[in-house]
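Reader: I would like to understand how the words used for a ligand site are justified. Could you take me through the reasoning step by step?

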Amino acid sequence: MAAPLSSIAASNAAPAAALSWSRPLTITRPSRIEFGAGKVGFAGEWAASHGVARTLVVSDAFNAARVDRLGLPGEVSVFAEVKPEPDLPNLLKLVAMARAVRAQLIVGFGGGSAMDIAKLAAVMVDDTRSFHELVGPNKAAPRSALLVQVPTTAGTGSEAGTRALVTDPETLNKLAVESLHMLADLAIIDPDLTMTVPPAVTAATGIDALAHCVEAYTSRRAHPIIDMYAREGIGLVGKFLRRAVANGGDSEARAGLALASLYGGFCLGPVNTTAGHAISYPLGTRHGIAHGLANAVIFPHTLAFNAPVDPIKAADIASRLGLEGGDLKASAYRWCAGMGVEMRLGQLGIGEDDLAGMADEAFAIRRLLDFNPREISREEILGIYQAAL
Ligand SMILES: NC(=O)c1ccc[n+]([C@@H]2O[C@H](COP(=O)([O-])OP(=O)(O)OC[C@H]3O[C@@H](n4cnc5c(N)ncnc54)[C@H](O)[C@@H]3O)[C@@H](O)[C@H]2O)c1
Ligand SMILES: [Fe+2]
């Protein structure tokens, strides 16, 4: 049942900008998307039909053990060292390996961490410039290596996108590279690959997909084309996330979440996220908290903070998600915590003394904050951290 409007309406926040049906929008997609249970082996068929003789698979330790599922032809090398929330040294080690094995095809086989650095390796392998020269939009050059993305979590939607994020260990900033050249030639979304994801990671990554949809739907840059995916994605998470957390082998729920994650990915390119992600990032860069979990902790707070700007959208989100009525923040919090997500920063190793630095870092992420539907100050960000402590 939707939260009653009375619980989210009263505010002096600015009204939402009028919906711009004619606002220019660019939509990009991987050249080909294969979706469906059992599709993973199509990678090999596709590689063979493209004459690939040398492939580098980019993976984490868990997925590296099942690279044979891809059915790849020829010489197959595996980089099995992708770190969760990859940093620059992790990426540079991968690029060195891609050069050494002269990879014609790079396959991202894992969660968002593997897929993000696979994209970067694909454009960096024959580019002599440093990583820092590629940061920002449209800096990367065309690539010669082919790129295939195969997600094994349902959360980031990275398989569908033009963006990759890497932490700079010196500044602790998460640096975003964005380029059309990082779009995959092929994305294979096989929901059965996600059946082994443990319940806590299932919940957190599912809430990441949800956050992509909610933040795009409520963004100042929201667009009706993207709203379609965002609304559907929210509904799919509402319907299937609790089921997949309770029973990882529920193939219908896994497929629904894989689709929600893809829809979230469709939201990221043309519209992107807002304050929820900006406020989540310092949890990862400073405290090593996984991206999905960081988003989950912050989600109820930004949902409620933004709700007064557009109470009808907020009620729509609550209804699609199946939240109980009453106070929006409390019911979103109960929904997350009810899936076993640890929602307290204090329990995640963060103390009161850490919050000011986190607020400074989040407040500087203008590329996201400037599109939040409601203006948010550094003090309000600090208040969110304090409330989440
Ligand atoms: N490019 C984008 O647009 C975008 C969007 C959101 C997030 N991201 C990035 O994605 C990263 C997070 O990705 P993630 O949430 O998918 O987590 P992840 O890739 O770090 O994986 C999380 C954990 O799950 C394990 N795992 C992965 N698949 C599994 C499976 N099928 N069974 C069992 N275990 C499995 C991994 O080994 C890892 O330990 C962050 O670095 C974040 O910045 C990128
Ligand atoms: Fe995300």
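What follows is a conversation about the ligand and the two domains.

Author: Please keep in mind from the start that this is a predicted model.

Reader: What makes a residue one of those that surround ligand 1?

Author: A residue counts when one of its heavy atoms lies within 4 Å of the molecule, and 27 residues surround ligand 1 in this way, the closest being Gly112, Ser113, Thr152, Thr153 and Thr196.

Reader: How do you know that aspartate 60 makes a polar contact with ligand 1?

Author: The cut-off for a pair of N or O atoms is 3.5 Å, and a polar side-chain atom of aspartate 60 lies 3.1 Å from an oxygen atom of the ligand, so the pair qualifies as a polar contact. By the same cut-off, a backbone N or O atom of glycine 112 qualifies at 2.8 Å from a ligand oxygen atom, and so does a side-chain N or O atom of aspartate 116, which is 2.9 Å from a nitrogen atom of ligand 1. Of the 860 Å² of accessible area that ligand 1 has on its own, the protein covers 88%.

Reader: Which element gives the most to the shell around ligand 1?

Author: That is H5, with 4 residues, and by class the whole shell has 7 nonpolar, 12 polar and 8 charged residues.

Reader: Why is ligand 1 said to lie between domain 1 and domain 2?

Author: Domain 1 (33-194) and domain 2 (196-388) both give residues to its shell, and therefore ligand 1 lies between them.

Reader: What is known about the separation of the two domain centres and the contact between the domains?

Author: The centres, taken over C-alpha atoms, are separated by 25 Å, while the contact takes 25 residues from domain 1 and 28 residues from domain 2. The area buried between the domains is about 2100 Å², with 60% of it given by carbon and sulfur atoms. On the side of domain 1, Ala154, Arg163 and Thr194 supply 24% of the area buried against domain 2, more than any other three residues.

Conventions. Residues are numbered from 1 along each chain as its sequence is written. Chains are lettered from A and ligands numbered from 1 in the order in which they are written. This is a predicted model: local features need pLDDT of at least 70, side-chain atom pairs count only at pLDDT 80 or more; totals for chains, interfaces and linings use all residues. Side-chain values use heavy atoms; hydrogens and water are left out. A polar contact is a pair of N or O atoms within 3.5 Å; within protein, one must be able to donate a hydrogen and the other to accept it, and residues adjacent in sequence count only if both atoms are side-chain atoms. Accessible areas come from the Shrake-Rupley method with a 1.4 Å probe; for residues, only the protein chains shown count as cover. Helices (H or I, at least four residues) and strands (E, at least two) are DSSP runs, numbered from the N terminus. Ala, Val, Leu, Ile, Met, Phe, Trp, Tyr, Cys and Pro count as nonpolar, Asp, Glu, Lys and Arg as charged, and the others, Gly among them, as polar. Domain bounds come from an automatic or database domain assignment. Contact means heavy atoms within 4.5 Å. Buried area is the accessible area (1.4 Å probe) that two parts lose on being put together, summed over both.
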